[in-house]
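This report describes the architecture, the main pocket and selected side-chain contacts of one protein chain. Please consult the sequence and the coordinates alongside the text.

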Amino acid sequence: MKASNVAGKRAKSLSAEGKFPTATGLRERKRQETRDRLARAAMTLFLERGFEATTIDDIAAAADVSRRSFFHYFASKEDVVAAWQEGAASALVAEIVARPADESMLTAAENAIAAAVKRLDPAEAAAMSRLKRDNPALQARDQLKYEKLERALADGLAQRARTKSDRQKARLVAMIATGAMRVGGESWIGEGAREKPEAFVRRTFDAIRAILK
């Protein structure tokens, strides 16, 4: 068989199996890559220079795109910070759903949050927390983040519920766990972020259990 025929059949086979990305798929992938590059460049500059001292022109230049291109992906600098955190809610739901069925809701929430923070870089997380603490606009966005996390936790825990009473419990546990994350995070920064985030999560949930006894 001629090489050209072999190549043609192979190409046809690969295309039929969907292994060649479509033009739309390529465009979306490139858009996502540019968005990720902008977010990484922005976060690096924010942590190096501070949020206020970093301009949109700085971010665009660091990501090697035009200022106009920046606005194709983000409406503001605050939106970049929000994007940095946008995967947290869905990741948390996935962690909770994956927990063993015999775990209580509170234990499942604790283990899911501990697993999530274990993937964080402590120095970067501390720097980001300080950045948000010192900027009113970012503080407002942080409030929305915790509301989203609470809903995500409730949704994930509700998937473990078997009764109406369990579903109500899921919402309460989500509220308690989110409050613990918020207060615990503030305390962690206040204490100089010396402890590993996962250990701090464990200690915070131990405090919750002591209160609930």
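The largest pocket of this predicted model draws at least two lining residues from each of α5 (77–85), α6 (88–98), α7 (105–118), α8 (122–133), α9 (136–158), α10 (164–190) and α11 (197–212). Its volume is about 1,100 Å³. The lining comprises 37 residues, and those closest to the centre of the pocket are L120, S129, K132, K145 and Y146. Helix α10 supplies the largest share of the lining, with nine residues. In terms of residue class, the lining of the largest pocket contains 20 nonpolar, eight polar and nine charged residues.

**Overall architecture**

The secondary structure consists of eleven helices and zero strands. Accordingly, the pattern along the sequence reads α-α-α-α-α-α-α-α-α-α-α. The chain has 213 residues, of which 36% count as buried. Among contacts with a sequence separation of 6 or more, 67% are between residues 24 or more positions apart.

**Helix α7**

One of the helices that contribute to the pocket lining is α7. Helix α7 has 14 residues and spans 20 Å from its first C-alpha to its last, close to the 20 Å expected at 1.5 Å a residue. Is this helix mostly covered or mostly open? Helix α7 is mostly covered, with ten of its 14 residues buried. The buried residues are M105, L106, A108, A109, E110, N111, A112, I113, A114 and V117. The elements that cover them include α6, α9, α10 and α11. The list of buried positions in α7 includes the acidic residue E110, whose salt bridge is described below.

**Salt bridges**

A search of the whole structure finds eight salt bridges. Three of them are set out here, with the distance between nitrogen and oxygen for each pair.

| Pair | N to O distance |
|---|---|
| R67 and D57 | 3.2 Å |
| E95 and R119 | 2.7 Å |
| E110 and R209 | 2.8 Å |

The side chains of R67 and D57 meet in a salt bridge. Because R67 lies in helix α4 and D57 in helix α3, this pair ties together parts that are ten residues apart in sequence. R67 is partly exposed, with a relative accessible area of 43%, and D57 is likewise partly exposed, at 41%.

In the second pair, E95 forms a salt bridge with R119. E95 lies in helix α6 and R119 in the loop between α7 and α8, so the pair ties together parts that are 24 residues apart in sequence. E95 has a relative accessible area of 19% and is therefore buried, the cut-off for burial being under 20%. R119, by contrast, is exposed, with a relative accessible area of 54%.

The third pair is formed by the side chains of E110 and R209. This salt bridge links distant parts of the chain, with E110 in helix α7 and R209 in helix α11, 99 residues apart. Why does E110 count as buried? E110 counts as buried because its relative accessibility is 6%. Its partner R209 is partly exposed, with a relative accessible area of 26%. Salt bridges that share partners join E110, R202 and R209 into one network.

**Local features**

Two individual positions complete the description. D64 has a phi near 65 degrees, a positive value in a residue other than glycine. Where does D64 lie? D64 is located in the loop between α3 (56–62) and α4 (67–73). These two helices also hold the partners of the R67 and D57 salt bridge, with R67 in α4 and D57 in α3. D64 counts as exposed because its relative accessibility is 69%.

Q168 belongs to helix α10, the helix that provides the largest share of the pocket lining. With a relative accessible area of 55%, Q168 is exposed. The C-alpha atoms of Q168 and A158 are separated by 8.3 Å, and the two residues are ten residues apart along the chain.

Conventions: Residues numbered from 1 in each chain as written. Predicted model: local features only at pLDDT ≥ 70, side-chain atom pairs only at ≥ 80, totals over all residues. Heavy atoms only, no water. 1 Å grid on protein atoms, 1.4 Å probe; cavity = no way out; pocket = protein on both sides within 12 Å on 5 of 7 lines; lining within 4 Å. Points joined across faces, edges and corners; volume = space filled by probe spheres on them. Helix = DSSP H or I, 4+ residues; strand = E, 2+ residues; numbered from the N terminus. Nonpolar A, V, L, I, M, F, W, Y, C, P; charged D, E, K, R; others polar. Expected span 1.5 Å × (residues − 1). Buried < 20%, exposed > 50% of the residue type's maximum accessible area, 1.4 Å probe, protein only. Contact = heavy atoms within 4.5 Å. Salt bridge = Lys/Arg side-chain N within 4 Å of Asp/Glu carboxyl O.
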